[in-house]
Amino acid sequence: MDRTPQHRLHDGDVDIEGIARTAEDRHVPVLLDMTVDLLTPALQHPGAVYVDATLGMGGHAAAVLTSAPQARLVGIDRDPLALDLARERLTRAGLAERITLVHATYDEIPEVLAELDLPGADAVMMDLGVSSFQIDTAERGFSYAADAPLDMRMDTSSDGPTAADLLRDLPEAEISRILHEYGDERFARRIARRIVEQREQAPLTRSSELVALLDRAVPAASKASGGHPAKRSFQALRIAVNDELRILAKALEGALDSVLQDGRIVVESYHSGEDRLVKTAFSRRTRSSAPPGLPVELEEHRPTFAPLVRGAAQADEAERDLNPRAGSVRLRALTRTRSVERAS
């Protein structure tokens, strides 16, 4: 069953074939070898199901399917164009017969599997954050390096608010909270105040306008040592526009519940808020639920998962030099050790 959206971009909008031909060059998957090594042991049997819940341009998916020739892919993405690009890439790699692509958010993994009449997944991959394709597509407004409308929606077919809508409508205190909590921005209050002052004259509608405001608001000393002054604010707005942390918290529980016995899950995060959610969800599944002091741990109290890596794995210096996106990655991975009977 293929729920990939039927509407396609027409000629003159985006050259999908041209983008797809260069996808391998434009998008370098983070910690690719480690991811393949962690996931494929659970996929070496006929009919094995691999869920890539953040399919993007299909880099991780292509590598995993190549290393697990008996597995099939259920690829999920909230961005319809990303699904088009992934289909092109996976088809060129000769993998088209083993893929099912679904337009959904990754908190819908259980529902997607149910609609496909699949009991669960043998392996689940979640590569969080914004993809290289979305950053490189200037008109989406994700990048502070190119002027574009302040959109930042991962699914532009949705009617949800854009970044420009949030900056126009939210109270100053809420803008400050978003910048601080989602972007770790030290100057969140100062920036929020400048945004509110600016919108009294004219609302911010383009990325270049926001970049100019941020450049004025962030002190020179911080700009000299803290990277581009817009980086943290753009990250925070993207997370808020797409409701990423709320969706992630739900997605992690659904993904973990969907992993079959001896199955595996790998999650890559790039922001402290994301990693805290992953660490918390994983910790709950790897702890015993037995009351303190119980002389014998009963089976129903045993952990349902075990870690596959110690803490959070990071990219080495060589990969960070080659792929800037790898600089902040934190990879956590578990394997299911005990199944729990689901309520009917």
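In which sense, left-handed or right-handed, does helix α11 cross helix α13? I would like to start there, and I should say at once that what we are looking at is a predicted model. The answer is that α11 passes α13 in a right-handed crossing. The two helices, α11 covering residues 207-217 and α13 covering residues 231-241, have axes that come within 10 Å and cross at roughly 130 degrees, and that angle makes α11 oblique to α13. On the α11 side the contact is formed by S207, L210, V211 and L214, which meet S233, F234 and L237 of α13. Sorted by class, this contact has five nonpolar and two polar residues, and no charged ones.

Let me set beside this a second helix pair, α3 and α4. Helix α3, residues 32-39, packs against α4 at an angle of about 45 degrees, the axes being 10 Å apart, and the two are therefore oblique to each other. Here, too, the crossing of α3 past α4 is right-handed. From α3, the residues L32, T35, V36 and L39 meet G59, H60, A63, V64 and S67 of α4, and this contact divides into five nonpolar, four polar and no charged residues.

Now to the sheet, which is open, has seven strands in the order β3-β2-β1-β4-β5-β7-β6, and shows mixed pairing. Its edge strands are β3, at 99-103, and β6, at 305-307, each of which pairs on one side only. Direction ignored, neighbouring strands are turned by 15 degrees against each other on average. Within the sheet, β1 (residues 49-52) and β4 (residues 121-127) pair in the parallel sense over three bridges, and Y50 has A123 in β4 as its bridge partner.

Helix α4, residues 59-67, which we have just met as the partner of α3, also packs on this sheet, touching β1, β2, β3, β4 and β5, and its direction makes about 165 degrees with that of β1. Another helix, α15 (residues 272-286), lies across β5, β6 and β7, and runs at about 20 degrees to β7.

Finally, a word on charged pairs, since the structure holds 16 salt bridges. One of them joins D107 to K250, with the closest N and O atoms 3.8 Å apart. This pair links distant parts of the chain, because D107 sits in the loop between β3 and α6 while K250 belongs to helix α14 (residues 244-258), and 143 residues separate them.

Note on methods
Residues are numbered from 1 along each chain as its sequence is written. This is a predicted model: local features need pLDDT of at least 70, side-chain atom pairs count only at pLDDT 80 or more; totals for chains, interfaces and linings use all residues. Side-chain values use heavy atoms; hydrogens and water are left out. Axes are lines fitted to C-alpha atoms, for helices over the stretch in contact, and angles run from 0 to 180 degrees between N-to-C directions. Helices (H or I, at least four residues) and strands (E, at least two) are DSSP runs, numbered from the N terminus. Angles under 35 degrees count as roughly parallel, over 145 as roughly antiparallel, 65 to 115 as roughly perpendicular and the rest as oblique. A crossing is left-handed if the near helix is turned anticlockwise from the far one by less than a right angle, and right-handed if clockwise. Contact means heavy atoms within 4.5 Å. Ala, Val, Leu, Ile, Met, Phe, Trp, Tyr, Cys and Pro count as nonpolar, Asp, Glu, Lys and Arg as charged, and the others, Gly among them, as polar. Two strands pair if DSSP finds at least two bridges between them. A salt bridge is a side-chain nitrogen of Lys or Arg within 4 Å of a carboxyl oxygen of Asp or Glu.
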